[in-house]
Structure formats: structure tokens, C-alpha cells
Amino acid sequence: MKLSKLLPAALILLTGCFYDVESVLYPDTGCAPVTTVSYTKDIVPILSQYCLSCHSGTFASGGIPLDTYTSVKRYADNGQLLGSVQWASGYSPMPKNGNKLSSCKVGLIQKWIEAGAPNN
Ligand code: HEC
């Protein structure tokens with residue numbers, strides 16, 4: 001076979017291997033959109049898995065403990081919680097030095113805050 005025929009075939013093979021669909025590579029296990037977001041069932045598990053390693057106890061990072069409802073509510077109400085997980089400008093992107101939370105998880109946090117961040 002001539003090179004001129006091999007080249008297009010090689011290009012198709014190469015591009016065919018290129019996957020950029022994040023949801024296919026990293027299925028978002030443990031997160032599904034819900035109608036009513038529950039603090040206990042939906043928000044606490046996210047915070048425990050991604051945030052509490054730094055944000056709990058006496059020496060919570062940034063002086064921001066996220067291990068009690070009262071404290072989480074405070075940062076939900078002042079916009080810092082959502083701004084940080086959305087990596088919005090003007091906020092420190094959280095989890096610090098980690099990957100951005102999936103859009104499903106950020107969506108749950110946003111919806112919970114928009115509902116008034118209830119202790120439900
Ligand atoms: C590796 C440690 C670490 C992890 C994990 C982490 N944080 Fe932080 N966080 C910090 C530090 C340190 C600060 C202080 C500001 C800074 O250094 O960026 C901070 C600051 C913040 C702030 C204030 C940001 C601002 O700009 O007002 C919020 C809100 C916050 N974190 C929420 C979270 C949430 C929610 C998670 C989990 C999704 C999380 N953090 C995970 C270390 C961490």
C-alpha cells in the first residue's frame with residue numbers, strides 16, 4: 001500500500017482513540033440530581049468526603065469548620081461555600097489542590113443553598 005493511502009487511515013485511528021467525554025471516563029458514582037436536596041443525606045456525605053480532612057476540628061483550614069450545620073449554614077448564606085466549589089472568581093477554589101467537584105455535586109450544593117440551606 002502507498003503511504004498516501006496509509007496516512008488518512010492512521011489519522012482516523014489516532015483521532016478515534018481520543019475521548020473527551022468526562023462522564024464516560026469518570027462516571028459520577030454516588031451522585032444523582034434530586035428534587036429536594038437533603039442536608040443530611042446529600043450535603044454531609046460530600047463535605048465528609050472532600051472537605052472535612054481540612055475543614056474540621058480546632059485548626060480547621062482558613063478558620064472555616066464545615067463539620068456542623070450551624071457553621072456550614074453560615075458559609076452557605078454568605079456565598080463563600082458555593083463560590084469556592086464553583087471555582088468562581090474572587091474565591092479560593094475548593095477542594096484546595098484537588099479536582100473540581102463534579103457538576104452533579106456542585107449542582108446539589110447550589111440547589112440546597114437556593115432552597116435556603118435547610119437543616120433537613
Ligand atoms: C487540602 C485542604 C483543603 C480541602 C480538602 C478543602 N479546603 Fe477549603 N480551604 C482550605 C484552606 C487552607 C483555606 C484558606 C484559604 C486558602 O488558603 O485558599 C480554605 C478556604 C475555604 C473557604 C473560604 C474560601 C473563600 O475564598 O472565601 C471555603 C468556603 C472552603 N474552603 C470550603 C471548602 C469546601 C466546601 C471543601 C470541599 C469541597 C474544601 N474547602 C476543601 C483548605 C482545604
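## A tour from the loop to the helices

Begin by selecting Asn97, which is found in the loop between α5 and α6. The model on the screen is a predicted one, and every value given on this tour is computed from it. Asn97 has a phi of about 60 degrees, a positive value although the residue is not a glycine. Is Asn97 buried or exposed? With a relative accessible area of 80%, Asn97 counts as exposed, because the cut-off for that word is over 50%.

Stay in this loop and select Trp87, which also lies between α5 and α6. The phi of Trp87 is near 55 degrees, again a positive value in a residue other than glycine. Its relative accessible area is 37%, so Trp87 is described as partly exposed. Now move along to Pro95, another residue of the loop between α5 and α6, and display the backbone on its N-terminal side, where a cis peptide bond joins Met94 and Pro95 with omega at about -5 degrees.

**The whole chain**

Zoom out and colour the chain by secondary structure. It has six helices and zero strands, and reading along the sequence gives the pattern α-α-α-α-α-α. The chain has 120 residues, of which 28% count as buried. If you turn on a surface, the accessible area comes to about 8300 Å², and 60% of that area belongs to carbon and sulfur atoms. Among the contacts between residues at least 6 apart in sequence, 56% join residues at least 24 apart.

**Around the ligand**

Next, select the ligand and show the residues that surround it, of which there are 18, with Cys51, Cys54, His55, Gln80 and Met94 as the closest. Sorted by class, this shell holds ten nonpolar, seven polar and one charged residues. Which helix gives the most to the shell? That is helix α5, covering residues 80-85, which contributes four residues.

Three polar contacts are worth displaying here, each ending on an oxygen atom of the ligand. Gln80 places a polar side-chain atom 2.6 Å from a ligand oxygen, and Lys96 does so with a polar side-chain atom at 2.9 Å. In the case of Ser92, by contrast, a backbone N or O atom lies 2.8 Å from an oxygen atom of the ligand.

**Ser84 in helix α5**

From the ligand, go to Ser84, whose place is in helix α5. Its relative accessibility is 11%, which means that Ser84 counts as buried. The side chain of Ser84 reaches the backbone oxygen of Leu81 at 3.0 Å. Leaving aside residues up to four places away in sequence, Ser84 touches Tyr91, Ser92, Pro93 and Met94, and among these Ser92 can be recognised from the ligand stop, where its backbone lies 2.8 Å from a ligand oxygen.

**Helix α6**

Now select residues 103-114, which form helix α6, a helix of twelve residues that reaches 16 Å from its first C-alpha to its last, close to the 16 Å expected at 1.5 Å a residue. Highlight its buried residues, namely Cys104, Lys105, Val106, Leu108, Ile109, Trp112 and Ile113. As you look at how they are placed, keep in mind that an α-helix has 3.6 residues a turn, so residues three or four places apart point the same way. What covers the buried residues of α6 includes α3 (39-50), α4 (69-77) and α5. After α6 comes Gly116, whose phi is positive, near 100 degrees.

**Tyr39 and Thr68**

Finish at Tyr39, whose place is in helix α3. Tyr39 is buried, with a relative accessible area of 7%. Which residues does Tyr39 touch, not counting those up to four places away in sequence? They are Val44, Thr68, Tyr69, Val72, Trp112, Pro118, Asn119 and Asn120, and Trp112 in this list is one of the buried residues of α6. To relate Tyr39 to that helix in another way, draw a line to Leu108: the two C-alpha atoms are separated by 9.8 Å, although the residues are 69 apart along the chain.

The last selection is Thr68, which is in the loop between α3 and α4. Its relative accessible area is 39%, and Thr68 is therefore partly exposed. The C-alpha atoms of Thr68 and Val44 are separated by 9.3 Å, with their positions 24 residues apart along the chain.

How values were computed:
Residues are numbered from 1 along each chain as its sequence is written. This is a predicted model: local features need pLDDT of at least 70, side-chain atom pairs count only at pLDDT 80 or more; totals for chains, interfaces and linings use all residues. Side-chain values use heavy atoms; hydrogens and water are left out. Helices (H or I, at least four residues) and strands (E, at least two) are DSSP runs, numbered from the N terminus. Buried means under 20% relative accessible area, exposed over 50%, partly exposed in between (1.4 Å probe, protein chains only). Contact means heavy atoms within 4.5 Å. Accessible areas come from the Shrake-Rupley method with a 1.4 Å probe; for residues, only the protein chains shown count as cover. A residue is near a molecule or strand if one of its heavy atoms lies within 4 Å of it. A polar contact is a pair of N or O atoms within 3.5 Å; within protein, one must be able to donate a hydrogen and the other to accept it, and residues adjacent in sequence count only if both atoms are side-chain atoms. Ala, Val, Leu, Ile, Met, Phe, Trp, Tyr, Cys and Pro count as nonpolar, Asp, Glu, Lys and Arg as charged, and the others, Gly among them, as polar. The expected span of a helix is 1.5 Å times one less than its number of residues.
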